[in-house]
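This briefing goes through the aromatic side chains of one protein model, after a look at model confidence. Please keep the structure open while reading.

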Amino acid sequence: AFNACSDVPAPYGIPGQDSDSGVQEEGTYVDESFTSEFGTFTPVTEKGTPWIIDFKTAKATGYDSSSKTTTESKGWLISEAFDLTNSTGAYVAFDYILRYVRAGQTENKVLVSTDYFGDVNQATWIDITGTLTEGADWNTFYEYAQNLPSEVIGKNHVNVALYYSCTTTSATWEVKNLTVKEGQVEATEDNEPEAPETTEGLFSES
């Protein structure tokens, strides 16, 4: 079971929407849990296997566990454009599991653009990935948080994208609880992994 953590330290908290009114919190530009759908995000597949919703996360992988084969793939998951005209600083944050990274064969990136209008290859993408930690199991989510660069602050059309590609071997990347909020955060290198929620008697098989 992969459940969103409801008790996490600042700057996280309960993101996005007021559960009673459905009104988005002030200072929140993007808020998607990926529990059952992509919401305001759009998957764009250049080749191979697309992003999907699986295990209550947005998942990217070119590996097919049933056939034990890998399809060469290149895919994006792109947010709806949001307005940072009045922002003095904003950050993107999410929880993730990343496994089976292979140098030269897999890529997993966090990107941001101010000129994306439907063609990923015509847009200018700024790489803000920083550090992504490779996990050792399918239960421990790590916390990612990165400040948006100064080039996008004050712009009225900003998109955040998750990008993955693979060749003969594929990583698997699961992402949940993605937010973009007003404010600043420290680098993710010092972040501790999110402790998995456990239930007595729960059985999990990868």
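**Confidence**

The model is predicted; the protein chain has a mean pLDDT of 86, and 79% of its residues reach 70 or more. Two stretches with low values are listed below, followed by the aromatic pairs, the charges over rings and one further aromatic residue.

- Residues 1–23 have pLDDT below 50, and this stretch makes 49 contacts in the model beyond near neighbours in sequence.
- Residues 190–204 also have pLDDT below 50, with 23 contacts in the model beyond near neighbours in sequence.
- Where pLDDT is low, predicted coordinates should not be read in detail.

**Aromatic pairs and cluster**

- Searching the whole structure gives 12 aromatic pairs.
- Phe94 and Tyr144 form a stacked pair, because their ring centres are 4.5 Å apart and their planes meet at 15°, where under 30 degrees counts as stacked.
- This pair ties together parts 50 residues apart in sequence, since Phe94 belongs to strand β8 (residues 90–99) and Tyr144 to strand β11 (residues 142–147).
- Phe94 is buried, with a relative accessible area of 0%, and Tyr144 is buried at 0% relative accessibility.
- Tyr100 and Trp138 make a tilted aromatic pair, with 6.2 Å from centre to centre and 50° between the planes.
- The link between Tyr100 and Trp138 joins distant parts of the chain, 38 residues apart: Tyr100 is in the loop between β8 and β9 (106–113), and Trp138 is in the loop between β10 (126–127) and β11.
- Tyr100 has a relative accessible area of 36% and is therefore partly exposed, whereas Trp138, at 17% relative accessibility, counts as buried; the cut-off for buried is under 20%.
- One aromatic cluster is formed by Trp51, Phe94, Tyr96, Tyr142, Tyr144, Tyr164 and Trp173. Its members include both rings of the stacked pair, Phe94 and Tyr144.

**Charges over rings**

- Trp138, the partner of Tyr100, also has the charged end of Arg99 over its ring, 4.8 Å from the ring centre.
- Over the ring of Phe141 sits the charged end of Lys176, at 3.9 Å from the ring centre.

**Phe55**

- Phe55 is placed in the loop between β3 (52–54) and β4 (57–61).
- Is Phe55 buried or partly exposed? At 44% relative accessibility, Phe55 counts as partly exposed.
- Phe55 and Glu174 are 119 residues apart along the chain, and their C-alpha atoms are separated by 8.5 Å.

Note on methods:
Residues numbered from 1 in each chain as written. Predicted model: local features only at pLDDT ≥ 70, side-chain atom pairs only at ≥ 80, totals over all residues. Heavy atoms only, no water. pLDDT = per-residue confidence, 0-100. Contact = heavy atoms within 4.5 Å. Phe/Tyr/Trp six-rings, centres within 6.5 Å; stacked < 30°, edge-to-face > 60°. Helix = DSSP H or I, 4+ residues; strand = E, 2+ residues; numbered from the N terminus. Buried < 20%, exposed > 50% of the residue type's maximum accessible area, 1.4 Å probe, protein only. Lys NZ or Arg CZ within 6 Å of the ring centre and 35° of its normal.
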